[in-house]
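Open the model in a viewer and keep the sequence panel beside it. The stops below say what to select and what is found there.

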Amino acid sequence: MSNEAAIIEDVHVHGAAHHEAHGHDDHGHHEHHDTFLTKYVFSQDHKMIAKQFLITGMVWAVLGGLMSVLFRLQLGYPDASFPWLESLLGKWAKGGQITPEAYYALVTTHGTVLVFFVLTAGLSGTFANFLIPLQIGARDMASPFMNMLSYWFFFVASIIMLSSMFVETGPFSGGWTAYPPLSALGDASPGSKTGMDLWIIAMALFIVSSLLGGLNYIATILNMRTKGMSMTRLPLTIWALFFTAVLGVLSFPVLLSGMILLIFDRNFGTSFYLSDIFVNGVGALPNEGGSAILYQHLFWFLGHPEVYIILLPAMGMVSEIMSVSSRKPIFGYMAMLGSLFAIAALAFLVWAHHMFVTGLNPFLGSVFVLLTLLIAVPSAIKVFNWLTTLWRGNIRFTPGM
Amino acid sequence: MSLYLSIAIIALIFIVIFQIAKASEYVSVLKGEEVSRKQNNKINGALMIVFMVLGFVGIYVCNEYLFSKTLLAQEAASIQGEKVDQMIWVTLIITGIVFVITQVLLFWFAYKYQENDNRKVFFFAHSTKLELIWTAIPAITLTVLVVFGLRNWFFFTGEPPKNAMVVEVTGKQFGWIFRYPGKDAVFGKKYYKNIDPAVNSVGIVWDDKLAQDDILTEQTMYVVKGTPVKLIIGSRDVIHDVGLSHFRLKMDAVPGIPTTMWFTPKFTTKEMKEKTGNPNFAYEISCDQMCGNGHYSMKGIVEVVTQEEYDMWMAKQKAQYLVAFPEKDPSNVPAAATAKTTDSTAKTAVAKM
């Protein structure tokens, strides 16, 4: 059989149901023509893709965690000298002390990697891919091919982010939020030169990956539920992953647009974010009329839903694990669902609370104060419902619990 | 050395835990799965209470040792700061009560309702009444916090009293520039393309008559105890942030978009030196927004003084216009012959700033 035919065959045959029917000992089965490449690398099986996300996420978690060890060491012992740091980091740790630019670069990369690559891709990518088809009774994702692409875009984004650590002028060092003008002006900080270009490319590819994944999750949950699995019978984990995907699909493109404007400001002389700037050693820039605050609005329009992209899957899984382990149905399923919805909806209306000190119009600020505190109500409902789920149960302390 | 030792100890602890886990796994195989599962369940249930107690002890100990290092341990040095502290305390107390109640319930339920063959699970899937109660209670509590917070918010962001003095603060990589309006109490125009780091660090438009008495200083800002100060904040290059931790306020410095903030200092720097027992005490302006490689070193000082001291200091200041154009200085005209010496004093004045 030709390679192409094998792939087509794979799409049709290689599904969850197939696996379940034959168990693990069907490797010799005549229908299977998985090569190592199609089974483990360019796999379209949702479970394998979930594992790929998990492993990549774990690698990033370890790398990002080690970065924080390095910069916290410097923070905790500012006057101490660690010769091994110099042998590890070379010119970034002259005399055994991490230089300011390396410190900021580590903080920035640590933040970006953990928020996006570990807590978004690692968490949603792993659990959404693994659990959605299994818990709704589908054979696989709506588009296994798109699912595979989603992982590989993430992988390429990872490689580019990693390679930005090794350029001459250093990785981007302006914080994970990458506020312009600092991120727009290579003259303002060496990290904003090549390092920032690579950072933007990596983030753009990451956004593509998360959109491909998110669309797939939504399509699968809406269309591929098994007979009798109505929306109100869905496990809360799936609901949480659904809302997470919706948040991602609606908010990541806004960040992407912000990044594109940033690319224009960096490379093509536009003034979206730049105005009235005099850079030491360079002089006054020609840009006038831009607003540095515009980027912050675009960034936090993703940035705040991002908080819930990270939190909602955990909330969903806690609901499920608690109810199963205490041998009780979840208390107030509809209230849990309603509060998930409320959190997801409010997540889009609170972004400016990250910008209270940017000179925001005080009235606008007051609206965001109100909406921000409102979000505590559905969160409180969830906590009380979890407690009631435990109440008078019969709790088994499984590893998940 | 102690660092390597502690790393070694942590590694050892991990190995010990790993070995214990391995040993207990073998024991459970010997005992039979069901028996050892039930036993483990009991241990885990008891551990819940242990964790709760350890957690609360930990909170108490941390509080005992670290509270004095937090900002809250020191009295706020402005009227606004008092309100901020008040708000933090109210919020901490309310959320603290909720925290304790929910944590105690969580761990207590986990312990009390651990698996027991003789108990039947109480089927309880829904109760509108209960759910309404715990929607309403947080909603009411939050209303209190919102009303309290918004009142302060509008006070902070509102207009300062009429008698407020005005200082313009400009951030740059990596330092602070302050501009006082001079005798006319009005700032002259500025335009960023006029910036000359040597004599015109904020880009004052010299043709503007109002600008000719403006005073520029760097790094240290003088303000008067008890008099409201309104800061007009801007930046020359990237986004900075005027962080006044002792006054409990901060505001971004954004290039091209002026922002404002006002506060009323309560104690002079001298009084704070006595209060804190620290002879080197200084009100610090820290840059609170990542602004480049020198971000850590971007500090300024607020010198809070009495009105007399302020007037004396102000009398010594020279308008920047006269620094930039020494030949226009009227005090120089009669002494035209000794122009060289006045020129050098002008230079030292710049250096001092």
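Start with strand β9 (residues 283-287) of chain B, which runs antiparallel to β10(B) and is joined to it by four bridges. Strands here are DSSP runs of E of at least two residues, helices are runs of H or I of at least four residues, and both are numbered from the N terminus. Two strands count as paired if DSSP finds at least two bridges between them. Within this pair, select B:I285; its bridge partner in β10(B) is B:G300.

A note on conventions: this is a predicted model, in which local features need pLDDT of at least 70 and side-chain atom pairs count only at pLDDT 80 or more, while totals for chains, interfaces and linings use all residues. Residues are numbered from 1 along each chain as its sequence is written, chains are lettered from A and ligands numbered from 1 in the order in which they are written, and side-chain values use heavy atoms, with hydrogens and water left out.

Next, add strand β4 (residues 220-224) of chain B, which is parallel to strand β10 (residues 299-305) of chain B, with five bridges between them. B:Y222 is the residue opposite B:E303 in β10(B).

Move to strand β1 (residues 165-172) of chain B. Seven of its eight residues are buried, so the strand is largely enclosed by the rest of the structure. Buried means under 20% relative accessible area, exposed means over 50%, and partly exposed lies in between (1.4 Å probe, protein chains only). Which strand pairs with β1(B) in the parallel sense? It is strand β5 (residues 229-235) of chain B, over seven bridges, and B:V167 stands opposite B:L231 there. With strand β2 (residues 175-180) of chain B, β1(B) runs antiparallel over five bridges; B:T170 faces B:I177 in that pairing. β1(B) and β2(B) make a hairpin with two residues between them. Select B:F174 in the loop between these strands: the peptide bond joining B:Q173 and B:F174 is cis, with omega about -5°.

A second cis bond is in chain A, from A:P180 to A:P181, with omega near 5°. A:P181 is in the loop between α7 and α8 of chain A. Most residues other than glycine have a negative phi, and most peptide bonds are trans.

That loop, between α7 (144-163) and α8 (194-223) of chain A, also holds A:S173. A:S173 is buried, at 3% relative accessibility. Show its contacts (heavy atoms within 4.5 Å): leaving out residues up to four places away in sequence, they include A:E101, A:Y104 and A:S189, and also B:M290 and B:N293 from chain B.

Two residues to select for their phi values are A:R327, near 55°, and B:R248, near 65°. A:R327 sits in the loop between α10 (292-325) and α11 (333-346) of chain A and is partly exposed at 41% relative accessibility. B:R248 is in the loop between β6 (240-244) and β7 (249-253) of chain B and is buried, with a relative accessible area of 13%.

Finally, zoom out to chain B, which has eight helices and ten strands. Its radius of gyration is 31 Å, well over the 20 Å that the globule rule gives for 353 residues, so chain B is more spread out than a compact globule. The radius is taken over C-alpha atoms, and the rule is 2.2 Å times the number of residues to the power 0.38. The C-alpha atoms fill a box of roughly 105 × 55 × 40 Å along the principal axes.
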